[in-house]
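These are my notebook entries on a structure I looked through residue by residue. I wrote down each item as I looked it up.

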Amino acid sequence: MDHPLIDLINSRISEAEARGDFKDLPGAGKPLPAVDDPENALLNRMVKEAGGEPEFVTLSRQLRALRAELRETGDRTRRQEILKEISMMDARIDIARKAFSR
């Protein structure tokens with residue numbers, strides 16, 4: 001089903017093209033930038049431009065820190081604690097990614 005305003009949108013675009021409003025736009029003739037998540041590209045760009053970041057990005061950063069700590073830690077008890085934290089962090093990242101992509 002088409003959007004109820006599709007005819008109006010198309011006519012406005014045609015009028016703008018006829019006036020030459022789309023000539024000399026920055027990036028004209030260049031390929032679109034690659035995106036990791038095409039379904040949410042606009043939302044991701046808006047969040048990024050506003051200075052925010054999705055929860056899974058923050059959690060991924062914390063996960064990297066835990067893995068670095070694991071590499072540097074020789075204490076067996078602490079290593080077990082870190083492994084548990086890593087496991088929980090993986091699950092939290094998966095949940096956050098799914099929530100973000102909705």
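Entry 1. I looked up Asp94 in this predicted model. Asp94 has a relative accessibility of 37%, so I noted Asp94 as partly exposed, since that class runs between 20% and 50%. I then checked its partner: the side chain of Asp94 forms a salt bridge with the side chain of Lys98, at 3.4 Å from N to O. Both residues belong to helix H4 and sit four residues apart, about one turn of the helix. Lys98 has a relative accessible area of 48%, so I entered Lys98 as partly exposed too.

Entry 2. I asked how many salt bridges a search of the whole structure finds. The search gives eight. One of them joins the side chains of Asp90 and Arg67, with 3.8 Å between N and O. I noted that this pair links distant parts of the chain, with Asp90 in helix H4 and Arg67 in helix H3, 23 residues apart. Asp90 is partly exposed at 34% relative accessible area, and Arg67 is partly exposed at 39%.

Entry 3. Next I looked up Glu85. Its side chain meets that of Arg78 in a salt bridge of 3.1 Å, N to O. Glu85 has a relative accessible area of 34% and is partly exposed. Arg78 has 21%, and because the buried class needs a value under 20%, I entered Arg78 as partly exposed. I also found that Glu85 and Arg78 belong to a network of salt bridges together with Glu69 and Glu81.

Entry 4. Is Thr73 buried or exposed? Thr73 has a relative accessible area of 16%, which is under 20%, so I wrote down buried. I located Thr73 in the loop between helix H3, residues 55-72, and helix H4, residues 76-100. A polar atom of the Thr73 side chain lies 2.6 Å from the backbone oxygen of Glu69. I then set aside the neighbours within four places in sequence and listed the remaining contacts of Thr73: Arg78, Arg79 and Ile82. Two names recur from the network I noted earlier, Glu69 and Arg78.

Entry 5. I turned to nonpolar side chains on the surface. Which residues make the nonpolar surface patch of about 500 Å²? I listed Leu5, Leu8, Ile9, Ile13, Phe22 and Leu25. I picked Ile13 from the list and placed this residue in helix H1, residues 6-19. Ile13 has a relative accessibility of 37%, so I recorded Ile13 as partly exposed. That value is over 30%, the cut-off for residues that make up a patch.

Note on methods:
Residues are numbered from 1 along each chain as its sequence is written. This is a predicted model: local features need pLDDT of at least 70, side-chain atom pairs count only at pLDDT 80 or more; totals for chains, interfaces and linings use all residues. Side-chain values use heavy atoms; hydrogens and water are left out. Patches are made of residues with over 30% relative accessible area and no salt bridge: like charges are joined within 9 Å, nonpolar side chains (Val, Leu, Ile, Met, Phe, Trp, Tyr) within 5 Å. Accessible areas come from the Shrake-Rupley method with a 1.4 Å probe; for residues, only the protein chains shown count as cover. A salt bridge is a side-chain nitrogen of Lys or Arg within 4 Å of a carboxyl oxygen of Asp or Glu. Helices (H or I, at least four residues) and strands (E, at least two) are DSSP runs, numbered from the N terminus. Buried means under 20% relative accessible area, exposed over 50%, partly exposed in between (1.4 Å probe, protein chains only). A polar contact is a pair of N or O atoms within 3.5 Å; within protein, one must be able to donate a hydrogen and the other to accept it, and residues adjacent in sequence count only if both atoms are side-chain atoms. Contact means heavy atoms within 4.5 Å.
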